[in-house]
Amino acid sequence: AMINLDMVGRGTTDEVAVLGIVQNPTLEKLLERARKLERTGIKSIVMRQGEELFARSDHYSFHQLRVPVLFFFEGLPIEKNADYHTWRDTIDRLDFDKIARTTRLAFNSAWLLANDDQRPPAPHD
């Protein structure tokens, strides 16, 4: 599996968007387990939104090779993130507590993927 974090540290402090669930539905349960594994501070995981962004980041080439992916992202719908792909996307606009929460969830997800007895199935389109 492949985990990608892009544009983290923005948006609502206790919310993160994760793309890849439409293509890898079994990973939804893994995400919920990851949220509860160790305190993350993430109360809401936005899924099944922003699919138009799915092919626009580093995880997509892995998906094309049929590797299951999770794409952690901030600010969906994209209209909530006016700085996306602009010169205004600067470090002074980051919420470092949010980064810690999101990376804890991503770490927990990676830990579960590495330690589960079964591999997640190949994605579908």
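# Salt bridges, cores and two positive phi values

Colleague: Which side chain does Glu38 meet in a salt bridge?
Modeller: The gap is 3.5 Å, N to O, which is inside the salt-bridge rule (a side-chain nitrogen of Lys or Arg within 4 Å of a carboxyl oxygen of Asp or Glu). Side chains of opposite charge can pair when their charged atoms come close. The side chain that Glu38 meets belongs to Arg104.

Colleague: Since this is a predicted model, at what pLDDT do side-chain atom pairs count?
Modeller: Some housekeeping: residues are numbered from 1 along each chain as its sequence is written, and side-chain values use heavy atoms, with hydrogens and water left out. In this predicted model, totals for chains, interfaces and linings use all residues, local features need pLDDT of at least 70, and side-chain atom pairs count only at pLDDT 80 or more.

Colleague: How many residues apart in sequence are the parts that Glu38 and Arg104 tie together?
Modeller: Helices and strands here are DSSP runs, numbered from the N terminus (H or I, at least four residues, for a helix; E, at least two, for a strand). Glu38 sits in the loop between H1 and strand E3 (44-46), while Arg104 is part of helix H3. Their salt bridge therefore links parts of the chain whose separation in sequence is 66 residues.

Colleague: Is Arg104 buried or partly exposed?
Modeller: The classes run on relative accessible area with a 1.4 Å probe and protein chains only (buried under 20%, exposed over 50%, partly exposed in between). Its partner Glu38 has 40% and is partly exposed. Arg104 comes out at 27% relative accessibility, so Arg104 is partly exposed.

Colleague: What separates Arg101 and Asp97 along helix H3?
Modeller: This pair also meets in a salt bridge, at 3.0 Å, N to O. Arg101 is partly exposed at 22%, and Asp97 is partly exposed at 40%. Both are in helix H3, four residues apart, so the separation is about one helical turn.

Colleague: What is the N to O distance between Arg88 and Asp83?
Modeller: Asp83 is buried, at 6% relative accessibility, whereas Arg88 is partly exposed, at 26%. Their side chains form a salt bridge with an N to O distance of 2.9 Å.

Colleague: Which residues are linked with Asp83 and Arg88 in a network of salt bridges?
Modeller: The whole structure holds eleven salt bridges, so there is scope to look past single pairs. The network that includes Asp83 and Arg88 also takes in Arg10, Asp89 and Arg93.

Colleague: On to the interior: which elements each supply at least two residues of the largest nonpolar core?
Modeller: A nonpolar core is a set of buried Ala, Val, Leu, Ile, Met, Phe, Trp, Tyr and Cys residues joined through side-chain atoms within 4.5 Å. The largest one has 15 residues, and those with the most contacts inside it are Val16, Val18, Leu31, Ile45, Leu70, Phe72 and Leu105. At least two residues each come from strand E2 (15-19), helix H1 (27-37), strand E4 (69-73) and H3.

Colleague: How many residues are in the other core, the one with Met2?
Modeller: That core lies apart from the largest one. Among its members are Met2, Ala17, Val46 and Phe71, and the count is 13 residues.

Colleague: What phi does Met7 have?
Modeller: Most residues other than glycine have a negative phi. Met7 goes the other way: it is found in the loop between strand E1 (2-6) and E2, and is buried at 11% relative accessible area. Its phi is positive, although it is not a glycine, at about 65 degrees.

Colleague: And what is the phi of Arg48?
Modeller: Arg48 belongs to the loop between E3 and helix H2 (60-64). It is partly exposed, with 46% relative accessible area. Arg48 is not a glycine either, yet its phi is positive, at about 60 degrees.

Colleague: How far apart in space are Thr13 and Glu74?
Modeller: Thr13 is in the loop between E1 and E2 and is partly exposed, at 29%. Glu74 is 61 residues from Thr13 in sequence, and the C-alpha to C-alpha distance is 9.9 Å.
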